[in-house]
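Take a look at the chain below and get your bearings. We'll go through a few of its parts together.

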Amino acid sequence: MSLFKARDWWASVLGEGEEFDQGCLCVGDVDNSGSGYDKIVVGSFMGMLRIFSPHPAKPDEQTEADAQLLEVQFPDPIIHVEMGKFVSCSESLHLAVLHPRKLSVYAVSGTAGNVEHGDQYQLRLVYEHNLQRTACNMTYGPFGGVTGHHFICIQSMDGMLMFFEQETYAFGRFLPGFLLPGPLSYCIRTDSFITVSSTRQVECYRYETLAVATDADTRQDSDQQNKSSGKRLTADWTLVLGEEALDICVPNTSSTMSSIFVLGERNIFCLKDNGQIRFMKKLEFNPSCFLPYASVSEGSTNILMCNHNSMLLVYQDVTLKWAAQLSCVPVAVRVANFPELKGLVVTLSSDGHLQCSYMGTDPSFFTAPKVEAREVNYDEVDTEMKMLQKVIREATKTQDILPKAETEEELTLTAIVSSHLDEVSCAVIPEMNGMPVPSVTVKVKIKSRGAVQSPKMTVCVQPPLGVTQDQFVLDSMGSGCELVVRFSAFLNGHYPPADLCGDIAVSYSSATGIPRVSQCKFNLPLRLVCYPSSAIKNAKYKITVDTNKPPVNLSEVFPDFSEKSENNDSSALGFQLITGSRVIVLASKTSQRYRIQSESFEDIWLVAKELVQRFDRHFASLGVKDFRNSFTGPIPLPEFFETVDHHFELRVNAQKYQDLLSERAVQFRAIQRRLLTRFKDKTPGPLQNLDTLMEGTYRQVIALADATEDNRERLIQAFTRLRSATHLLILLLSLWQGLSSEQTAILEATLLPLLQDTPQLGWEESVDAAVSHLLKTCLSRSPKDQAISLSTGLLTIPKDTSRLKKHIMLLCDRLGKGGRLSLSSEANVPTTVMMPVGCESLPEPIVEQEEEPPLQQDSAKYIKKKQPSKRIKSKSDSSKESSREKKEKDSSKEKEPKVSSKESKRESTKESKDKESTREKDSSKESGKDKTKVSRKSSVKVKEKKSEAGDG
């Protein structure tokens, strides 16, 4: 805020409900009175043209009626007004008024009045041009170097520059690469036009280049352009701004050098007439308009600039000289001379506030009101001080990088899923496998705490689920408004889903224009994808869930399935998936176990998840706080790996189909070229069965495309089944080891990093990289084995799944041995955990030696381990060589030592390293130079030891 305010000299409010822009204001001696004083011409989008001659008001005089010389209503909007010598037979100033489809030139004349009411002014049409294209703005000047006259250039909305030599239309040219119109100005010294294109760069076109370029009336497409109609239009120079331009002005202050001023959204640029930057100024506000004018200092230019903070700023080049507060936000600013005062600043706002002001020096001080003195209560001050210190301490404890979200959002979402299925299903596929497909209604309540603009709601469910409508465009909401949106969800594919959760997001703009997003989730009922069925005792895949409470009646846990079940047995319950197999839940009558079995491994997931969740809710409703689900194993890794292999096989087939399709497409194009060459040949020749070959190749391409599409559909289904199997594996691991919610989230992010497969990145390589990271960080065998920095190579599809399977088995084994999943580096301290029955530990050292040396080589560059001394190393090497020679003498069949013996020797060497350090030093002194270094001479030492052993 400025200390000074712009002093009002004259002001007026133009009309009601009218709109104005930067081209709607111009000043000058429009009536050619010769007095040297200017008049103000204002045009509005409502078609109203007004002319004012302001003068200072006397004490008992109304200024507006006397100052307004003329007011004319036009049928078309006025988008630009200018004054110039636009008539060929006269050098007087005339008024050019630009409408969207018309250019009119008027002469303003005044007649002296016979009475005291004043003079009479008239507006006379001299000529007009009807435009074939919608106009945007215009500029004028002595194009081509003419003297005593001004020509007009109009820019249309589609990028055409139309040139008018007074009463005659000269020519029209299209700007290259045009998308949206920008500001336009004319430079007299270089006889060129300056504009800013939609590519955010300043472009300069010479008038001579425009005159000889391709005529716009005969212009054709770029591929069929007739070269004889003219040269191609190219810019004389360009300069990238990087932002949109609001206005361009070329003040005629010097005959030796011209300055081009460009007002951007955040910067103001001053360019030379050859496109070089003289200077630029970064603005700390949003400008609305500007006006460069001549300065009293030679070599510099003054700039009047207005911004959206209602400020009027005066710059001398880049230096701020003055700032004054205005009463409104101007969209156009001019400098004019009026009686008794010259150099007044004329501003026009978008709603019609016309003001003539000068920059006075009378500051307006704000005096704070006096407050009543009160006695200080030191106890209250001390209490407030302690409270503030507590807040400061709590704020300094938090080390969050991102700021915490606001407690109360401007928009709250609440999703309510109906407890009953729809009476009339809204499913796209009404029946699957002889069973009707149901749907369920979801009601979303949207409540706003403040003003919300342009809200849009998006509903997302994972395939094969679908909704009746996933995009909603809502009306703007005020404070305290509530809106209800309904849609239905249903099964829309011939395979069971992997997740019954859905997401709802509403994007909107706050009252201040800040974009925000509110989200919520909803869970669809299991009844949507399956029906009650009879229970069978035998199945291929079985898992058992243990509890620590007596068995419960399954009819109480699943009341929506027990009502329509075919049998009344409370210890068995059947679920028939609409697009899958039958899943059976059996409750033990003597123990606290529940068995879930099915003919499909991945179909168990939805029922197992529902069973665990309903158990938690059931016992929580009974007030039981120590209820716990568990799983005793074994982990069904072979069944899970079958699903992984099936998915990987389809991915490999997709790659093979893609390669074959590319080969056949290359072959098809090659045959086409051969045939085209034969057909173009002037001497016809035999086709040599190229047509037959082309037809056969075409059939192969179509067949491969169909096979590729069929494989893609099967791959989508296989990935959904793989997600179901992975969800089931994560559930069993969390029940097996009693993982917390944070550890389960880490495990889920590791084994389910993708929502869908892509040709560039698949599930196998992503999971392999994630599991390898866990094995080297939080699940490493000891803190010394942790990798500080891991190699980040490109993820590509593997050759097979053996490496992935071994890493997943090792992950399960490390979890079974007490490993903790954590994102911190100190999370590898094992805890004592009893191994469940049926779970065997994996031969970890063998797996590490076979699979992990390449990964260890990458990480070994960044890990500096404490190595034993060279003397110890030489002694251990010599002991190994001597033991190896003894073994070769005893048994010639054993050529290589066993891995287990190597591991035991390494461990014994590491354990006895500290105890025998002093003993090694003594022995190293006696051994002399043979044991001090380990180098190429080691083979000579071995030979000497062999000879000594032979002599002995």
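Here's a quick tour of a sheet, two helices and a surface patch.

This is a predicted model, so to speak of local features we need pLDDT of at least 70, side-chain atom pairs count only at pLDDT 80 or more, and totals for chains, interfaces and linings use all residues. Residues are numbered from 1 along each chain as its sequence is written, and side-chain values use heavy atoms, with hydrogens and water left out.

**The sheet**
- Four strands make an open sheet in the order S2-S3-S4-S5, with antiparallel pairing; strands are DSSP runs of E, at least two residues long, numbered from the N terminus, and two of them pair if DSSP finds at least two bridges between them.
- At the edges sit S2 (25–28) and S5 (68–73), each pairing on one side only.
- Strand S4 (residues 48–52) is joined to S5 by five bridges, and Arg-50 stands opposite Glu-71 in S5.

**Helix H11**
- Helices are DSSP runs of H or I, at least four residues long.
- H11 (residues 802–816) has 15 residues and should span 21 Å at 1.5 Å a residue, and its end C-alpha atoms are indeed 21 Å apart; the expected span is 1.5 Å times one less than the number of residues.
- Among its buried residues are Leu-804, Ile-808 and Leu-811 (buried means under 20% relative accessible area, exposed over 50%, partly exposed in between, with a 1.4 Å probe and protein chains only).
- Just after H11, Gly-818 has a positive phi of about 105°.

**Tyr-378**
- Tyr-378 lies in helix H3 (residues 378–397).
- Tyr-378 is exposed, with a relative accessible area of 65%.
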